[in-house]
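Q: Please take a close look at one part of this model: the protein surface around the DNA. Which residues and elements form it, and what contacts are made there?

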Amino acid sequence: MKLANTVVILDFETTGLSPDNGDRAIEIGAVRIENGQITDRFQELMNPGRRINSFIEDYTGITNNMLKTVSSCADVMTRFHQFIGDDNLVAHNASFDKRFLDAEFKRLNLDYSGSFACSLLVARRIYQQAPDHKLGTLVRYKGLDAKGDFHRALFDAEMTTKLWLIMLEDMSERYNLAQVSFDMITKLSKKSKSSIGAFLNAQ
DNA sequence: TGCCAGGCCCTCTTTAGGGCCTT
């Protein structure tokens, strides 16, 4: 199977669920894969300029003390902008990470040209029998090696990467595809569950 | 004081509601 596309798989930890309500990023983790191999990684904590609440401290393990001495969101996101370049992007529940990426970049007048794909939407289509489609559940469901802490940015990005690669492999095998392109996956994500078999068989 | 996310997707649907996912 050939995986021609280079993608950056990313994950944010944040102060909450909504940048429109003032929530900010506190950590970004990302993995670059080229031809199915990990070629680069990015992980940085960032200081959102205010205290984070105890729920987020407990949920992520990231404490206010840890954020005291780290770079500002502006500095980290500027470096992350350089890291992603023009690559396409993947995240688990991408609509969440895209909102924070867009909000943090907007504050810096930064733009990017890559498109987003969502591993959650793909998993809901090709693993319809999974107990649910949370990242941790899917990692266990597929028997992927998971040594580390969920809800930290780089670890979740690494787990999403493993899930992404096994999904490409499963699609390739199940539908006898020589190549699974990023474009094909984004199209698949918009198909109804009942029509994906016909869609992939037609590739 | 009272407000409190948003997109996807299913169904007892489309003049709507609620569960799933992300922090």
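A: The answer below goes from the make-up of the DNA-facing surface to its polar contacts, and then to two buried residues.

This is a predicted model. DNA strand B is surrounded by 28 residues. Glu 13, Tyr 59, Asn 93, Arg 125 and His 133 are the closest. By class, the surface near the strand has 10 charged, 10 polar and 8 nonpolar residues. Four elements each supply at least two of its residues: strand 1 (7-14), helix 1 (54-60), helix 4 (94-107) and helix 5.

Sugar or phosphate accounts for 65% of the DNA strand B atoms within 4 Å of the protein. The rest belong to bases.

Now the polar contacts. Arg 125 places a polar side-chain atom 2.2 Å from a phosphate oxygen of DNA strand B. Glu 13 has a polar side-chain atom 2.7 Å from a sugar or linking oxygen of the strand. Thr 14 uses its backbone: a polar atom there is 3.1 Å from a sugar or linking oxygen.

Next, a loop residue. Ala 130 sits between helix 5 (119-126) and helix 6 (135-141). Ala 130 counts as buried because its relative accessible area is 9%, under the 20% cut-off. Beyond its neighbours within four places in sequence, Ala 130 contacts Leu 138 and Tyr 141.

Last, Thr 161 in helix 7 (residues 153-174). Thr 161 is buried, at 1% relative accessible area. Its side chain reaches the backbone oxygen of Ala 157 at 2.7 Å. Not counting residues up to four places away in sequence, Thr 161 touches Ile 9, Val 31, Ile 33 and Ile 38.

How values were computed: Residues are numbered from 1 along each chain as its sequence is written. Chains are lettered from A and ligands numbered from 1 in the order in which they are written. This is a predicted model: local features need pLDDT of at least 70, side-chain atom pairs count only at pLDDT 80 or more; totals for chains, interfaces and linings use all residues. Side-chain values use heavy atoms; hydrogens and water are left out. Buried means under 20% relative accessible area, exposed over 50%, partly exposed in between (1.4 Å probe, protein chains only). Contact means heavy atoms within 4.5 Å. A polar contact is a pair of N or O atoms within 3.5 Å; within protein, one must be able to donate a hydrogen and the other to accept it, and residues adjacent in sequence count only if both atoms are side-chain atoms. A residue is near a molecule or strand if one of its heavy atoms lies within 4 Å of it. Ala, Val, Leu, Ile, Met, Phe, Trp, Tyr, Cys and Pro count as nonpolar, Asp, Glu, Lys and Arg as charged, and the others, Gly among them, as polar.
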